[in-house]
Amino acid sequence: MGVVRVTDIEGGQGWGQLSTYHSDITAMVFHRQVAPWALGRDTDTLEALLDEIAAREFKFPGSYVARALGGLDTAIWDLRAKAAGVGVCELLGGRPRPLRVYASSMRRDIDPAAEATRLAAVQQSHGFAAVKFRIAAENGSDRDEWPGRTEAIVPHVASALDPDTHLMVDANCGYSPERAIEVGGFLADHGVAHFEEPCPYRDYEQTAQVRQALDDQRIAVAGGEQDCDLATWRRLIDSHVFDIAQPDVLYLGGIDRTRRVAAMAATRGTPLLPHSANLSLVTVFTLHLVGALPNTAGMVEWSIEGPDYYPWQYGLYAPMPEVEDGLVHVPDGPGWGIDILPEWLEHATFQVTEAP
């Protein structure tokens, strides 16, 4: 886990977060390839600054620079909102309010009956109206986590949950187009409405083929969480590769770049359902963003995994939002509406880049 603190010339400070997973590498990229271009710059021209950094680092157009940009962007939004005395959601033109969240399971190592029981329990205790669970094997090339798991888990979950539950599945790039189309028909027959990342994400034509084939099946094909290039996003949206676009605020490079993807999607009538698969600050950022965007699918992803699965997502900040009746309130207060906990910082490794 890595956080970013920016300080302006008047002493104001803002907190952001680098994208999760191998954040130590992202932190190195941040201090070598992002921070030097940002020091001494005007934060009122954030879009131009982010574009300039990307242009300066044009030989490195991939994920790590985008993940580092996300730390800069989110820290600057916190800084600006605190200076204005409002929350980031309000600074973006939105209104802090309760937003619907969907229960998101990350596990494939769980027996179908046990997963159905687990999802039914969290639905009952927290009022989730929508639930997402995992099928296929991650990048599985038409393999399942074990033979027959997908065919077993879908009816188990569908029968265990409230009949009005919005059912969603994530294949994590698990299928060829032919197999994805076959599975998509099976999912639709069991009331699943959302089919995420059916094919390897880099093979856009494959996902588009699946979407076209399932167009009359009343199941939406979703994707985009891995994509971090704005030009690629324009092609994805213009080509109608999926029905629902799922940018990840931190994989993509921050709030500003995600808003640009949202604007692209709005021109094509494609709803956004941003990816936020853990309870680090990415979910806080996504709550603020969704509260200000007009063309979202109206939900925010909410991981149901506890400290036994993602121990690093706890103890970073407070207050942590809570789910009540399937809703989570956009955090109140200036900036992101949270504080980084001193106890976490006491155990962190620090690196500083300063203006000359």
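Student: Which residues does Asn172 touch, not counting residues up to four places away in sequence?

Tutor: Asn172 touches Arg108, Arg134, Ala137, Glu138, Asn139, Glu196 and Glu197. Keep in mind that this is a predicted model. You will find Asn172 in the loop between β5 (166-170) and α7 (177-189).

Student: What makes Asn172 count as buried?

Tutor: Buried means under 20% relative accessible area. Asn172 has 6% relative accessibility, so it counts as buried.

Student: How do you know that the side chains of Asn172 and Arg108 make a polar contact?

Tutor: A polar contact needs a suitable pair of N or O atoms within 3.5 Å. The contact joining the side chains of Asn172 and Arg108 is 2.9 Å. The side chain of Asn172 also makes a polar contact with the side chain of Arg134, at 2.7 Å.

Student: What about Cys173: is it buried or exposed?

Tutor: Cys173 has a relative accessible area of 4%, so it is buried. Cys173 is in the loop between β5 and α7.

Student: What is the phi of Cys173?

Tutor: Cys173 has a positive phi of about 70°, although it is not a glycine. Most residues other than glycine have a negative phi. Tyr21 is not a glycine either, and has a positive phi of about 75°.

Student: Where does Tyr21 lie, and why is it called partly exposed?

Tutor: Tyr21 lies in the loop between β2 (13-17) and α1. Partly exposed covers the range between under 20% and over 50%. Tyr21 has 35% relative accessibility, so it counts as partly exposed.

Student: Let us turn to the helices. Why is α1 called oblique to α2?

Tutor: The axes of α1 (residues 23-38) and α2 (residues 46-56) come within 10 Å and cross at roughly 135°. That makes α1 oblique to α2, because angles over 145 would count as roughly antiparallel and 65 to 115 as roughly perpendicular. The crossing is right-handed.

Student: Which residues meet where α1 and α2 are in contact?

Tutor: From α1 come Gln33, Val34, Trp37 and Ala38, and they meet Leu49, Ile53 and Arg56 of α2. By class, this contact has five nonpolar, one polar and one charged residues.

Student: How do you know that the peptide bond from Ala318 to Pro319 is cis?

Tutor: Its omega is near -5°, and the bond is cis. Most peptide bonds are trans. Pro319 is found in the loop between β10 (317-318) and β11 (327-329).

How values were computed: Residues numbered from 1 in each chain as written. Predicted model: local features only at pLDDT ≥ 70, side-chain atom pairs only at ≥ 80, totals over all residues. Heavy atoms only, no water. Axes fitted to C-alpha atoms, helices over the stretch in contact; angles between N-to-C directions. Helix = DSSP H or I, 4+ residues; strand = E, 2+ residues; numbered from the N terminus. Parallel < 35°, antiparallel > 145°, perpendicular 65-115°, else oblique. Left-handed = near helix turned anticlockwise from the far one by under 90°. Contact = heavy atoms within 4.5 Å. Nonpolar A, V, L, I, M, F, W, Y, C, P; charged D, E, K, R; others polar. Buried < 20%, exposed > 50% of the residue type's maximum accessible area, 1.4 Å probe, protein only. Polar contact = N/O pair within 3.5 Å; in protein donor to acceptor, adjacent residues only side chain to side chain.
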